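The following exercises are to be worked through with the sequence and the model at hand. Each task is followed by a solution in steps.

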There are 2 protein chains.
Amino acid sequence: MEGEPTRIMMGVNESTIKGYPHPSISSRGAFDWTLKKIVGSNTSGFKILFLHVQVPDEDGFDDMDSIFASPEDFSSMNRRDKIRGLHLLEYFVNRCHEVGVACEAWIKKGDPKEVICHEVKRLQPDLLVLGSRGLGPFQRVFVGTVSEFCAKHAECPVITIKRNAAESPQDPVDD
Amino acid sequence: MEGEPTRIMMGVNESTIKGYPHPSISSRGAFDWTLKKIVGSNTSGFKILFLHVQVPDEDGFDDMDSIFASPEDFSSMNRRDKIRGLHLLEYFVNRCHEVGVACEAWIKKGDPKEVICHEVKRLQPDLLVLGSRGLGPFQRVFVGTVSEFCAKHAECPVITIKRNAAESPQDPVDD
């Protein structure tokens with residue numbers, strides 16, 4: 001029963017509360033769960049594909065004064081986003097190396113739920129694992145949930161790992 | 001990284017088309033997928049808990065002439081149901097023994113979606129795996145789907161494995 005390793009795609013994102021590229025609580029939780037409950041000691045049986053989707057700012061001027069915006073500012077913002085994304089992925093790739101699980105990691109820009117479903121179609125993983133904040137129906141109306149959309153539309157089996165209640169920040173919309 | 005095996009609960013049911021207790025196409029598909037993609041060669045890392053929920057007949061007279069119903073008929077029907085359920089579970093238990101994965105199996109009566117969520121609460125598996133017919137929205141209105149309910153309400157991560165399109169019977173509501 002050796003054969004090809006099972007390819008698990010994971011969507012990962014940054015924390016909204018911890019500043020410089022820390023993984024979100026739910027991304028980290030989903031990753032830890034996957035290592036513990038699915039991979040276990042069978043490290044050669046799996047390969048993890050980390051996908052980080054960056055949402056382009058509406059106007060690109062989130063945290064700088066628009067008066068000083070110039071083409072150079074744009075390219076430096078792009079560089080900065082790229083570096084943040086790489087630092088985020090570095091966390092997961094390093095953990096995989098420690099444990100001895102093969103992995104790949106890449107960054108895309110766009111609407112996370114659309115991009116994730118598109119990448120599933122393109123790469124055909126065996127399984128998609130997503131973390132979720134486990135929001136109630138009232139909060140969901142306002143923030144939407146990527147995991148709910150992907151569970152319905154992704155063309156492969158999907159596991160959604162809800163965030164551990166003990167780890168939820170004060171505002172459950174944060175992560 | 002040895003420790004406790006990962007406990008996977010699977011809801012399994014009978015085929016609606018093949019007569020005497022064959023597993024449904026979607027139950028068999030979900031089981032095969034789990035063995036191939038999750039368990040792999042790591043047979044000691046997992047334990048599978050098979051739950052078969054039998055829906056009680058509304059009136060208990062589905063396939064006999066009600067004029068002849070007597071208390072003995074009822075108890076023989078119950079026996080017959082029990083035997084069918086045991087035969088169904090035998091299929092899965094035998095496959096697990098062949099592969100060398102530990103398992104348990106049991107039968108409950110009631111509404112499958114409610115019973116499955118209740119058993120998840122009681123036994124706290126690490127993961128619930130369910131097969132699904134992958135019906136479209138129109139068909140779903142009429143037949144309901146156990147997997148959709150459980151994905152939303154079960155208190156553990158859930159994977160839904162859609163039936164292979166090539167294996168779908170002529171009427172997709174059959175299984």
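Two residues are in contact when heavy atoms lie within 4.5 Å. The structure is a predicted model.

**Exercise 1.** Determine how many residues each chain brings to the contact between chain A and chain B, and how much area is buried there.

*Solution.* Begin with the residues: chain A supplies 23, and chain B supplies 23. Next, take the area: the two chains bury about 1800 Å² between them. Of this buried area, 55% lies on carbon and sulfur atoms.

**Exercise 2.** Identify a salt bridge between the chains, and describe the side of chain B that touches chain A.

*Solution.* Two salt bridges are counted between chain B and chain A. One of them joins A:Lys37 to B:Asp126, with 2.9 Å between the closest N and O atoms. This pair qualifies because a salt bridge requires a side-chain nitrogen of Lys or Arg within 4 Å of a carboxyl oxygen of Asp or Glu. There are also four residue pairs in polar contact, both residues being at pLDDT 80 or more. On the side of chain B that touches chain A, the elements giving two or more residues are α1 (25–39) and β5 (158–162) of chain B. The most comes from α1(B), with six residues. By class, this side of chain B holds twelve nonpolar, five polar and six charged residues.

**Exercise 3.** State the order of helices and strands in chain A, and the share of its residues that is buried.

*Solution.* Chain A has five helices and five strands. Along the sequence they follow the pattern β-α-β-α-β-α-β-α-α-β. Of the 175 residues in chain A, 41% are buried.

Terms used. Residues numbered from 1 in each chain as written. Chains lettered and ligands numbered in written order. Predicted model: local features only at pLDDT ≥ 70, side-chain atom pairs only at ≥ 80, totals over all residues. Heavy atoms only, no water. Helix = DSSP H or I, 4+ residues; strand = E, 2+ residues; numbered from the N terminus. Buried < 20%, exposed > 50% of the residue type's maximum accessible area, 1.4 Å probe, protein only. Buried area = accessible area lost by both parts, 1.4 Å probe. Polar contact = N/O pair within 3.5 Å; in protein donor to acceptor, adjacent residues only side chain to side chain. Nonpolar A, V, L, I, M, F, W, Y, C, P; charged D, E, K, R; others polar.
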